[in-house]
Amino acid sequence: MRALVTGGCGFIGSHVVRGLLADGWEVTNLDKLTYAANPANLAEAEGHPRYRFVQGDICDLALVRELMDGADLVLNFAAETHVDRSLLEPGVFVRTDVEGVVTLLEAARARPGTALVHMSTDEVFGSIPAPGEAAEDAPFAPSSPYAASKAAAELMVRAYAETYGMAVTVLRCCNVYGPNQHVEKFIPLFTMRALAGEPMPLYGDGMQEREWLYAGDFVEALRVVLRELPAEPGVHAVHIGSGERVRNRETAELICELLERPRELITPVADRPGHDRRYALDSSRLRARGWRPRVPFREGLAATVAWYRDHGAAWAQTASGEFARYFERQYGERLARR
Ligand code: NAD
Ligand code: TDX
């Protein structure tokens with residue numbers, strides 16, 4: 001079986017590519033290699049007889065058409081993914097996260113034999129007040145340009161499914177964490193800052209809740225989904241949530257504890273504008289199909305923190321240059337003003 005995976009050099013995509021290769025798939029990975037990619041994430045796949053890497057853009061229709069030829073499955077993980085960057089530069093989010101998805105839909109609609117799975121996010125629902133959980137049919141209320149671009153992509157998926165009778169599976173996932181995640185994201189950033197003994201910039205009051213899923217558990221969820229991909233026309237949404245909802249301050253404190261660093265490094269800074277207070281997915285449907293997350297948050301966090309401690313050098317390239325400039329733009333004034 002052949003899969004076209006997009007965004008395979010990013011965080012989740014790299015775990016997925018490795019999982020698919022282990023399961024016997026032939027995998028083509030289409031990745032533009034943006035700032036967020038780290039080819040080292042897939043170093044062990046290089047040279048694998050069933051793996052092929054193609055550098056390119058999901059907005060390139062001719063390329064996408066060519067790569068879809070002969071693919072049984074397309075898994076879209078290519079995206080601009082960082083909420084804070086979407087506040088600084090929204091245009092590229094519209095291009096990749098919306099136009100890119102339309103390009104994939106356009107290429108896939110002529111190929112009924114190719115199953116399309118698109119990765120979306122719990123952020124399309126906006127903040128979910130406690131003790132609520134968003135079910136698959138909950139209304140969209142995105143808060144950030146990132147979340148709006150993901151919601152817009154989903155609307156295009158819906159339009160293509162209705163118009164052309166396509167069957168598309170949409171995965172909406174909670175926050176994923178684990179090895180290979182870009183250092184701009186909360187857990188890797190706070191881990192690297194704690195390791196360096198530098199202030200850890202906590203947005204606002206730090207009482208926001210995020211639902212955390214270990215990357216390996218995401219891959220297991222995907223395996224369950226791929227066992228039975230619905231062929232009926234329509235959008236088939238699947239919620240993947242761990243149910244483990246933790247306030248950011250508590251996560252930051254756990255990181256300090258794991259690295260034996262003082263909690264005083266946790267530094268409240270100006271909040272993210274439009275910051276959602278809480279995400280919570282109702283993933284009972286997927287659980288009814290037999291999936292359960294296996295790695296409790298504390299255990300997964302310890303493994304993740306240990307991974308960054310041991311692989312910090314691998315991220316040195318990412319953490320220099322572009323990231324240094326971004327860090328200054330995003331946090332310079334915030335940290336100076338605290
Ligand atoms: P990431 O930022 O780590 O990686 C994204 C990858 O996509 C990079 O390798 C990048 O080079 C590639 N890419 C970007 N633009 C591209 C383009 N135009 N053409 C081809 N490749 C391109 O992302 P991630 O955190 O692994 O997220 C993957 C997907 O999962 C995204 O759709 C994201 O919205 C979704 N998601 C992520 C999380 C999370 O917690 N990380 C949670 C829910 C949903
Ligand atoms: O410096 C920081 N300080 C801080 O307090 C950063 C980077 C984050 N935070 C907070 C904001 C969030 O409440 O930590 C929480 C997690 O932040 P991010 O890692 O930026 O993730 P989030 O905004 O929740 O979005 C993530 O999960 C859903 C992914 O980046 C998205 O791609 C995914 O769709």
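This is a short talk on the ligand sites, pockets and cavities of one structure.

Okay, quick one today. What you have on screen is a predicted model, so please keep that in mind throughout. For orientation, an unreviewed UniProt entry lists residues 4-302 as "domain: NAD(P)-binding". In the model that span is 37% helix and 20% strand, and the C-alpha atoms at its two ends sit 32 Å apart.

Let's go to ligand 1. It has 29 residues around it, and the closest are I12, D31, T81, Y146 and K150. Which elements build that shell? At least two residues each come from α1 (11-22), β5, α5 and β7 (175-177), with β5 giving the most, 3 residues. By class you get 15 nonpolar, 10 polar and 4 charged.

For polar contacts to ligand 1, look at the backbone. A polar backbone atom of T34 is 3.0 Å from a ligand oxygen, and one of V176 is 2.8 Å from an oxygen atom of the ligand. On the nitrogen side, a backbone N or O atom of I58 comes in at 3.0 Å from a nitrogen atom of ligand 1. How much of ligand 1 does the protein bury? Taken alone the ligand exposes 840 Å², and 97% of that is buried by the protein.

Now ligand 2. Here 21 residues make up the surroundings, and E123, Y146, R272, H275 and Y331 come nearest. Notice Y146 again: it is among the closest residues to ligand 1 and among the nearest to ligand 2. The shell around ligand 2 splits into 9 nonpolar, 6 polar and 6 charged residues.

For this one I'd point you to side chains. T121 puts a polar side-chain atom 2.7 Å from an oxygen of ligand 2, and H275 has a polar side-chain atom 2.7 Å from a ligand oxygen. N175 has a side-chain N or O atom 2.9 Å from an oxygen atom of ligand 2. Taken alone, ligand 2 exposes 650 Å², of which the protein buries 94%. Two or more shell residues come from each of α3 (83-88), α6 (186-196) and β8 (200-203).

Right, on to empty space. Rolling a water-sized probe over the atoms shows where space is left. The largest pocket holds about 370 Å³. Its lining has 21 residues, with E136, R172, V235, H236 and A237 nearest the centre. Contributors of at least two residues each are α5 (145-164), β6 (167-173), β10 (234-240) and α9 (284-288), and β10 gives the most, with 4. That lining has 11 nonpolar, 2 polar and 8 charged residues.

The second largest pocket is about 270 Å³. Among its 16 lining residues, P112, T114, A115, M166 and A167 lie nearest the centre. β5 (115-121) and β6 each supply at least two, and β6 gives the most, 3. The class split there is 11 nonpolar, 3 polar and 2 charged.

Last bit: how many cavities of 30 Å³ or more does a search of the whole structure find? 3. The second largest has about 70 Å³ of space, and its lining is 4 nonpolar, 4 polar and 4 charged residues. Residues lining that cavity include E123, R272 and H275, and those three are also among the nearest to ligand 2. Before you read anything into that overlap, remember that cavities here come from the protein atoms alone.

That's me done; happy to rotate the view.

Methods. Residues are numbered from 1 along each chain as its sequence is written. Chains are lettered from A and ligands numbered from 1 in the order in which they are written. This is a predicted model: local features need pLDDT of at least 70, side-chain atom pairs count only at pLDDT 80 or more; totals for chains, interfaces and linings use all residues. Side-chain values use heavy atoms; hydrogens and water are left out. On a 1 Å grid over the protein atoms alone, a cavity is a set of points where a 1.4 Å probe fits but cannot get out, and a pocket is an open set with protein on both sides within 12 Å along at least five of seven lines; lining residues have an atom within 4 Å of a point. Grid points are joined across faces, edges and corners, and a volume is the space filled by probe spheres set on the points. Ala, Val, Leu, Ile, Met, Phe, Trp, Tyr, Cys and Pro count as nonpolar, Asp, Glu, Lys and Arg as charged, and the others, Gly among them, as polar. UniProt positions are given in the numbering used here, feature names are shortened, and annotations may be inferred rather than shown by experiment. A residue is near a molecule or strand if one of its heavy atoms lies within 4 Å of it. A polar contact is a pair of N or O atoms within 3.5 Å; within protein, one must be able to donate a hydrogen and the other to accept it, and residues adjacent in sequence count only if both atoms are side-chain atoms. Accessible areas come from the Shrake-Rupley method with a 1.4 Å probe; for residues, only the protein chains shown count as cover.
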